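This report walks through one protein chain and the ligand beside it, part by part. Please keep the sequence and the 3D view open while reading.

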Amino acid sequence: MDFNLSEEQLMIQQAARDFAQNELLPEVIERDRDQKFPTEQVKKMGEMGLLGMMVDPQYGGAGMDSVSYVLAMEEIAKIDASAAVVMSVNNSLVCAGLEKFASEEQKVKYLTPLASGKVIGAFALSEPEAGSDATSQKTTAEDKGDYYLLNGIKNWITNGGTASYYIVIAQTDPEKKHKGINAFIVERGWEGFEIGVKEDKLGIRGSDTHSLIFNNVKVPKENRIGEDGFGFNFAMAVLNGGRIGIASQALGIASGAYELALKYAKTRKAFKTEIINHQAIAFKLADMATQITAARMLCFKAAFEKDAGKDISESGAMAKLYASQVAMDTTIEAVQIHGGYGYVKEYHVERMMRDAKITQIYEGTSEIQRIVISRSIAK
Ligand code: CAA
C-alpha cells in the first residue's frame, strides 16, 4: 500500500481543514445547543465540491477519489460531526447510488443538482419496525401501471427536513420478500408526502433528523431506480459505500477529541508538572493515537478497494465497526483527561462524546457490521 498522499489529496485535506476551522468552528456549540442546521455552511460545502466529491464532473461532481473523501470527511467531522453526516449521506447514500444505478434521465434531472450541492438529498430505508431487519419493509409501493402508489412511514431520516430529493425504499410485492422491494426517487412537495417530527437527539444535534409520511403518493414509473425488485440490493450496495463515510466521520470525531486532549494535557498542570508527564494521562494518549491510526488505515483500505472496483462489504464494515468504537473510547477518555472542564460545553469534548455514539448505530449498528464481516469471512 502506498502511504504517500498525492498533491491533490493533500490540497483537499487542507481545504477541508481550513473550512472547518474558519466556517464550522465559530458557532458549533450554539448549533448543537439549539439544534440548528448549518444551512450556510452546507451551501459553502456544496460550492467547494464536498457534497458530490466522487461524482463525475459531467453530473456536477468533483471527480475525486475515495481517499480524498475520507480525508475531507475526517477534517469536517473533527470540528462538526453534524455537518459531516449531511456530507456523508449526500455523497455516499444519495449521489453514489444514483451515479452507479440510476438511468441517464435520472442522473441529469436529480444527480446533477445533488452532486453540485444546489440541493441536498436523503436516504429513507429505516422504519419504526424495520431498522436492522431491513428486509421487513412495511412501506408499500403498489404498482398501478404507469405509477406506484407509496404508503407508509420512514423514521430517523438524516436531512429529512432539508432535502429536496429522497431515495425511498418500499415493498411492491411482499410474496417475493426482499426481491419484491424497490427504490424510488421522490420529490419534496409531492402530494401526500409529509415531513414528520424532528427528532430531539443526544448528539449530532445540528443535523436534521425526521420521520417521513407517505399517504397515497403517486411516484411515476420512471422514478424507480433499476429493474423491478432491485431495491433491496440497491440499498445494500449503497450502504456498503455509506459505511466508509460514517467510518470517516467516526475517525474525525476521534481525532478531533484526541487533538484537544493532547493540547490540554500539554498545558494543564497538576502536581507541579504538565499532566502529559503523568503516565496515567500519557498512556491514554498513546492508546488514542494508536487506535486512531489503525482506524484511519481501515478507512483508507476500504476507500482504495472501492476505487479499485472491489467488493467493499467486508472492508467497509470493518472500517465502520472499528472506527466507531475508537470514536466512543477516545471521546470518553478525552472528557476524562479534561476533568471537570471536559464536562462543560465550551471545551467541545462532551459534545464529541455525545456525537460519537450514533456512529455505532446508524448505517448499520455494530452488531450488523459483525454479521456482515462474519458472513464474509465464513464464505
Ligand atoms: N452487500 C451487498 N449485498 C448484500 C449485503 C451487503 N453487505 N448484505 C446482504 N446483501 C444481499 C444478499 O446478497 C441478498 O441478495 P440476493 O438475495 O440477491 O442474493 C440480500 O441482500 C438479502 O440478504 P440476506 O438474506 O443476508 O438478508 P438478511 O435479512 O439475513 O440480512 C442484513 C441482511 C445484512 C442484516 C441487512 O438487513 C442490513 O444490512 N441491515 C442493516 C440496515 C442498515 O444498515 N440500516 C441503516 C439505515 S440507513 C441510515 O442509517 C441512513 C442515515 O440516515 C444516516
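Which residues does UniProt list for "domain: Acyl-CoA dehydrogenase/oxidase N-terminal"? According to that record, which is an unreviewed entry, the domain takes in residues 6-118. The model shown here is a predicted one, and the values below were computed from it.

## Three annotated spans

UniProt also lists, again from an unreviewed entry, "domain: Acyl-CoA oxidase/dehydrogenase middle" for residues 122-217, and "domain: Acyl-CoA dehydrogenase/oxidase C-terminal", likewise in an unreviewed entry, for residues 231-377. The table sets out the make-up of each span in the model.

| Residues | Helix | Strand | Distance between end C-alpha atoms |
|---|---|---|---|
| 6-118 | 72% | 0% | 29 Å |
| 122-217 | 0% | 50% | 17 Å |
| 231-377 | 78% | 3% | 25 Å |

Reading across the rows, residues 6-118 are 72% helix with 0% strand, whereas residues 122-217 are 0% helix and 50% strand.

## Within residues 6-118

Arg17 belongs to helix 1, which runs over residues 7-24. The side chain of Arg17 makes a polar contact of 3.1 Å with the side chain of Glu75, and the C-alpha atom of Arg17 is also 8.8 Å from that of Lys78, although 61 residues separate the two along the chain. Is Arg17 buried or partly exposed? Its relative accessibility is 30%, and Arg17 therefore counts as partly exposed.

Further along the chain, Ala102 sits in the loop that links helix 5 (81-101) with helix 6 (104-115). Ala102 is classed as buried because its relative accessibility is 10%, and the cut-off for buried is under 20%. The C-alpha atom of Ala102 is 5.5 Å from the C-alpha atom of Ile225, a residue that is 123 positions away along the chain.

## Within residues 122-217

Strand 7 covers residues 209-220, and Thr209 is part of it. Thr209 has a relative accessibility of 5%, so it counts as buried. The side chain of Thr209 is joined to the side chain of Lys201 by a polar contact of 2.9 Å.

Asn216 lies in strand 7 as well, but its accessibility is 44%, so Asn216 counts as partly exposed. What is the sign of phi at Asn216, a residue other than glycine? The angle is positive, with a value near 55°.

## Within residues 231-377

Helix 7, made up of residues 231-267, has 37 residues, and the distance from its first C-alpha to its last is 54 Å, close to the 54 Å expected at 1.5 Å a residue. This helix nevertheless has a kink of about 30°, which is centred on Asn240. Helix 7 is also mostly covered, with 28 of its 37 residues buried.

Helix 9, at residues 313-338, can be described in a similar way: it has 26 residues and reaches 37 Å between its first and last C-alpha atoms, close to the 38 Å expected at 1.5 Å a residue. After helix 9 comes Gly339, and its phi is positive, near 60°.

A positive phi also occurs at Glu363, which is a residue other than glycine, and there the angle is near 50°. Glu363 is found in the loop between helix 10 (349-358) and helix 11 (366-378). With a relative accessible area of 11%, Glu363 is therefore buried.

## Around the ligand

Which residues come nearest to the ligand? There are 23 residues around it, and those that come nearest are Thr158, His178, Lys179, Asn240 and Arg375. Asn240, where the kink in helix 7 is centred, has an N or O atom in its side chain that is 2.8 Å from a nitrogen atom of the ligand.

On Lys179, a polar side-chain atom lies 2.8 Å from an oxygen atom of the ligand. Ser132 approaches the ligand with its backbone instead, placing an N or O atom 2.8 Å from a nitrogen atom of the ligand. Taken on its own, the ligand has 1100 Å² of accessible area, and the protein covers 74% of this.

How values were computed:
Residues numbered from 1 in each chain as written. Predicted model: local features only at pLDDT ≥ 70, side-chain atom pairs only at ≥ 80, totals over all residues. Heavy atoms only, no water. Helix = DSSP H or I, 4+ residues; strand = E, 2+ residues; numbered from the N terminus. Expected span 1.5 Å × (residues − 1). Bend = angle between axes of the 7 residues up to and from the residue. Buried < 20%, exposed > 50% of the residue type's maximum accessible area, 1.4 Å probe, protein only. Near = heavy atom within 4 Å. Polar contact = N/O pair within 3.5 Å; in protein donor to acceptor, adjacent residues only side chain to side chain. Areas by Shrake-Rupley, 256 points an atom, 1.4 Å probe, with all protein chains shown as cover. UniProt positions renumbered as here; feature names shortened; annotations may be inferred.
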